[in-house]
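Colleague: I've got some time before lunch, so could you walk me through this one? I'll ask, you explain.

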Amino acid sequence: MFQIDRSANRLRKLERTSFSEVGFREREHLQEWLATMPDALCEAMSEGEDGLLIIQKEFDGFDGTRERLDLLALDKSGQLVVIENKLDDSGRDVVWQALKYAAYCSSLKKAEIVGIFQQYLDRHGSGDAASTICEFLGEDTLDQVVLNDGTDQRIVFIAANFRREVTATVLWLREHQIDARCIKVMPYKFEEELFIDLQQVIPTPEAADYMIRMAEKDSEEKNAKGAQRWSHQMRMEFWEQALEGLRGAGLERWQNITPSKDHWANSSIGVSGCTLTLIFLRHEVRVEFQLNRSSREENKWLFDQLASEKERYEEAVGEPLEWRRIDDKKVSMMVCKTPVQGYSKEHWPEMIKWLIEHYQKMDAAFSEPVRSLATKIPQGGVS
């Protein structure tokens, strides 16, 4: 890893070190970093921002044992993810430990998982486990959520160095359809500054892309046999009708958008990271103007400029909006919403009409101002 010295137009090599050399410990440091910033792990696995929700650390809720797994998480499909952290060396027994933990976790029911997460929230802050899980998975209510379905629990190993017996076993597990991964975490230092780099080494990014494509192919075959989740099928049918309505209204941005099983559909306004997003939920539909540029500071700056004239924009839309700055996340947004009976198909024409009308109003109110503001973002960063 190298640092760029702009003034000298040179690269400076960062010194590779070890966690023990700089005084870091597994539970006190590495585990805490990942628990509070799972995005770092998500980026290494190419799962995008907010791809994991940490629901417990030092989990010891296994009947008849005194064992503790390092971190327990949920992924976007509602599956449990067992995360085992080591520091400078993976050791020989880490795979056996993680397999036991995955086996223990495979029997956890929805209510137990929610309870485990609520204990974590009560101990490390605040919040409601059920509503946080629903928001993370994009569902309205907990009864719509499927957690820990089947035997698809995932395992992630993290260490600076993996022994051959560990990597060989992880590769064997993957060949047998068990999603096991190795993430290499490497510490570096430059003068008084310390850095870490996380890289997925098993599977390699190229192999991961191939596996994703094969999984998508397998999913298509299962869907053709009727194995697709009911809620996903409902979303596909809804977006087919909604997209037909959007195109029929002459909205060119939607010409090349295809229906999906997601609860959202995006359209660009011509500014990087800024989208008009339609949301379809069981009890609500929304039009969101999302500010989701790569820089969190730019998103907050754009939001604050718009919020300073809140009344003018709400007058243009014709009704009050929800102004969500969302200080603990990168994205900010303005939201227009209405309650619906989303999974009753007889209401879909009325819902689609509402979405088209309010999409056009939100577009007329915000798109041009945001395009103008994007050219005025202060250079050199936003404070």
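Colleague: Which residue follows helix 5, and what is its phi?

Modeller: Keep in mind that this is a predicted model. Helix 5 is followed by a glycine with a positive phi. That residue is Gly 138, and its phi is near 75°.

Colleague: Where do the buried residues of helix 5 sit around the axis, and what arc do they cover?

Modeller: The buried residues of helix 5, which spans 129–137, are Ala 129, Ala 130, Ile 133, Cys 134, Phe 136 and Leu 137. They are on the same side of helix 5, because the arc they cover around the axis is only 165°.

Colleague: And what do those buried residues pack against?

Modeller: Phe 136 is one of the buried residues of helix 5, and Lys 76 lies over its face, 4.2 Å from the ring centre. As for the packing of the buried set, the partners are strand 4 (52–59), strand 5 (69–75) and helix 4 (110–124).

Colleague: Strand 4, then. Which residue there has a positive phi without being a glycine?

Modeller: The residue in question has its place in strand 4 and is buried, with a relative accessible area of 17%. Its phi is about 55°. It's Glu 58.

Colleague: On to the aromatics. How are the rings of Phe 117 and Tyr 120 arranged: stacked or edge-to-face?

Modeller: The whole structure has 15 aromatic pairs. In this one, the centres are 6.5 Å apart and the planes are at 25°; planes under 30 degrees apart count as stacked, so Phe 117 and Tyr 120 are stacked. The two are three residues apart in helix 4, about one helical turn. Both are buried, and the answer for the pair is: stacked.

Colleague: How many residues apart in sequence are the parts that Phe 238 and Phe 280 tie together?

Modeller: These two form a stacked pair, with 3.9 Å centre to centre and 5° between the planes. Phe 238 belongs to helix 8 (residues 230–248) and Phe 280 to strand 11, so the pair ties together parts that are 42 residues apart.

Colleague: Which residues form one aromatic cluster with that pair?

Modeller: Start with the pair itself: both Phe 238 and Phe 280 are buried. The cluster they belong to also takes in Trp 239, Tyr 343 and Trp 348.

Colleague: In what order do the strands of the five-stranded open sheet run?

Modeller: The pairing is antiparallel, and the twist averages 20° from one strand to the next. Strand 10 (264–268) and strand 13 (322–324) each have a single partner strand, so they stand at the edges. The order is 10-11-12-14-13.

Colleague: How many bridges join strand 12 to strand 14?

Modeller: These strands, residues 284–291 and 332–339, run antiparallel. Within that pairing, Glu 288 has Val 335 of strand 14 as its bridge partner. The number of bridges joining the two strands is eight.

Colleague: At about what angle does helix 9 run to strand 14?

Modeller: Helix 9 covers residues 296–307 and lies across strand 11, strand 12, strand 13 and strand 14. Its angle to strand 14 is about 60°.

Colleague: What about helix 10: which of its residues are exposed on the side away from the buried ones?

Modeller: The buried residues of helix 10 (residues 310–317) are Tyr 313, Glu 314 and Val 317. An arc of only 100° puts them on the same side of the helix, and what covers them includes helix 9, strand 13, strand 14 and helix 11 (348–374). On the other side, the exposed ones are Glu 311 and Glu 315.

Colleague: Whose charged end sits over the ring of Tyr 313?

Modeller: Tyr 313 is one of the buried residues of helix 10. The charged end over its ring sits 4.5 Å from the ring centre and belongs to Arg 312.

Colleague: Last one: which peptide bond is cis, with omega near -5°?

Modeller: Look at the loop between strand 9 (193–202) and helix 7 (205–224), where Pro 203 has its place. The cis bond leads into that proline: it's the one from Ile 202 to Pro 203.

Conventions:
Residues numbered from 1 in each chain as written. Predicted model: local features only at pLDDT ≥ 70, side-chain atom pairs only at ≥ 80, totals over all residues. Heavy atoms only, no water. Pairing = 2+ DSSP bridges. Helix = DSSP H or I, 4+ residues; strand = E, 2+ residues; numbered from the N terminus. Axes fitted to C-alpha atoms, helices over the stretch in contact; angles between N-to-C directions. Contact = heavy atoms within 4.5 Å. Buried < 20%, exposed > 50% of the residue type's maximum accessible area, 1.4 Å probe, protein only. Arc of directions from axis to C-beta. Phe/Tyr/Trp six-rings, centres within 6.5 Å; stacked < 30°, edge-to-face > 60°. Lys NZ or Arg CZ within 6 Å of the ring centre and 35° of its normal.
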